[in-house]
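Hi,

Here is the structure I said I would pass on. Have a look at it first, and then read on for what I found.

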Amino acid sequence: MQTILSIGRLSLYLGFMLLIVGTVRLPAENMEAARPVMKRMADASRAEEGCVEYNYAEDVFDPGLIHVKELWVDQPALDRHFATEHLADWRQAWPSLSIGERNLRVYEVGEPRST
């Protein structure tokens with residue numbers, strides 16, 4: 001169970017959060033068409049309750065490889081995310097964008113620390 005401590009506009013999540021990291025791949029020539037679809041997905045996901053972070057990044061050395069990083073406060077937030085219309089729309093776009101290889105992992109993480 002998550003404990004949320006709010007101080008003004010700052011919210012601290014005490015306990016474990018869920019970190020999703022990995023990659024998805026599409027043909028490099030489809031990146032231009034994929035960018036607005038990925039932006040809609042990221043913007044809608046970032047607006048969800050329980051989403052701390054949601055990012056896509058193009059690999060600078062491997063065209064067509066997209067790095068994914070998401071941070072969610074808990075499993076119920078992630079479950080709600082999986083049931084959203086924008087996620088269904090994103091998945092529906094995969095065939096037209098030729099998104100194939102997906103390698104995503106979910107990790108339970110605690111409080112971050114500086115390196």
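To get you started: which residue in β5 is the bridge partner of Asn55? The partner is Lys69. Bear in mind that this is a predicted model, so everything below is computed from predicted coordinates.

First, the layout. The protein chain has three helices and six strands, and along the sequence they come in the pattern β-β-β-α-β-β-α-α-β. Of its 115 residues, 34% count as buried. The accessible surface is about 7,600 Å², and carbon and sulfur atoms hold 55% of that. As for contacts with a separation of 6 or more, 66% are between residues 24 or more positions apart.

Now the sheet. Four strands make up an open sheet in the order β4-β5-β3-β6, with antiparallel pairing. At the edges sit β4 (51–58) and β6 (102–109), each of which pairs on one side only. Ignoring direction, neighbouring strands of this sheet are turned by 10° against each other on average.

I spent some time on β5. This strand, residues 65–72, pairs with β4 in the antiparallel sense over seven bridges, and β5 also pairs with β3, again antiparallel, over eight bridges. On the β4 side, besides the Asn55 and Lys69 pair, you will find Glu53 opposite Leu71. On the β3 side, Val24 has Ile66 as its bridge partner. The strands β4 and β5 form a hairpin with six residues between them, and Gly64 in that turn has a positive phi of about 90°.

How much of β5 is buried? Six of its eight residues are, so the strand is largely enclosed by the rest of the structure.

On to the helices. Helix α1 (residues 31–46) lies across β4 and β5 and runs at about 170° to β4. Helix α2 covers residues 75–82, and its buried residues are Ala77, Leu78 and His81. Viewed down the axis of α2, these fall within an arc of 95°, so they line one face of the helix. What covers them includes β3, α1, β4, β5 and α3 (85–97). At the start of α2, Asp74 is worth a click: one of its side-chain oxygens reaches to within 2.9 Å of the backbone nitrogen of Ala77.

One last residue to look at is Asn30, in the loop between β3 (17–25) and α1. Is Asn30 buried or exposed? Its relative accessibility is 18%, and the cut-off for buried is under 20%, so Asn30 counts as buried. Leaving aside residues up to four places away in sequence, Asn30 touches Ser96, Leu97 and Ser98. Ser96 is 66 residues away from Asn30 along the chain, yet their C-alpha atoms are separated by 9.1 Å.

If you want a short route through the model, try the β4 and β5 hairpin with Gly64 in its turn, then the buried residues Ala77, Leu78 and His81 of α2, and then Asn30 with Ser96, Leu97 and Ser98.

Cheers

Definitions and conventions:
Residues are numbered from 1 along each chain as its sequence is written. This is a predicted model: local features need pLDDT of at least 70, side-chain atom pairs count only at pLDDT 80 or more; totals for chains, interfaces and linings use all residues. Side-chain values use heavy atoms; hydrogens and water are left out. Helices (H or I, at least four residues) and strands (E, at least two) are DSSP runs, numbered from the N terminus. Buried means under 20% relative accessible area, exposed over 50%, partly exposed in between (1.4 Å probe, protein chains only). Contact means heavy atoms within 4.5 Å. Accessible areas come from the Shrake-Rupley method with a 1.4 Å probe; for residues, only the protein chains shown count as cover. Two strands pair if DSSP finds at least two bridges between them. Axes are lines fitted to C-alpha atoms, for helices over the stretch in contact, and angles run from 0 to 180 degrees between N-to-C directions. The arc is that of the directions from the helix axis to the C-beta atoms. A polar contact is a pair of N or O atoms within 3.5 Å; within protein, one must be able to donate a hydrogen and the other to accept it, and residues adjacent in sequence count only if both atoms are side-chain atoms.
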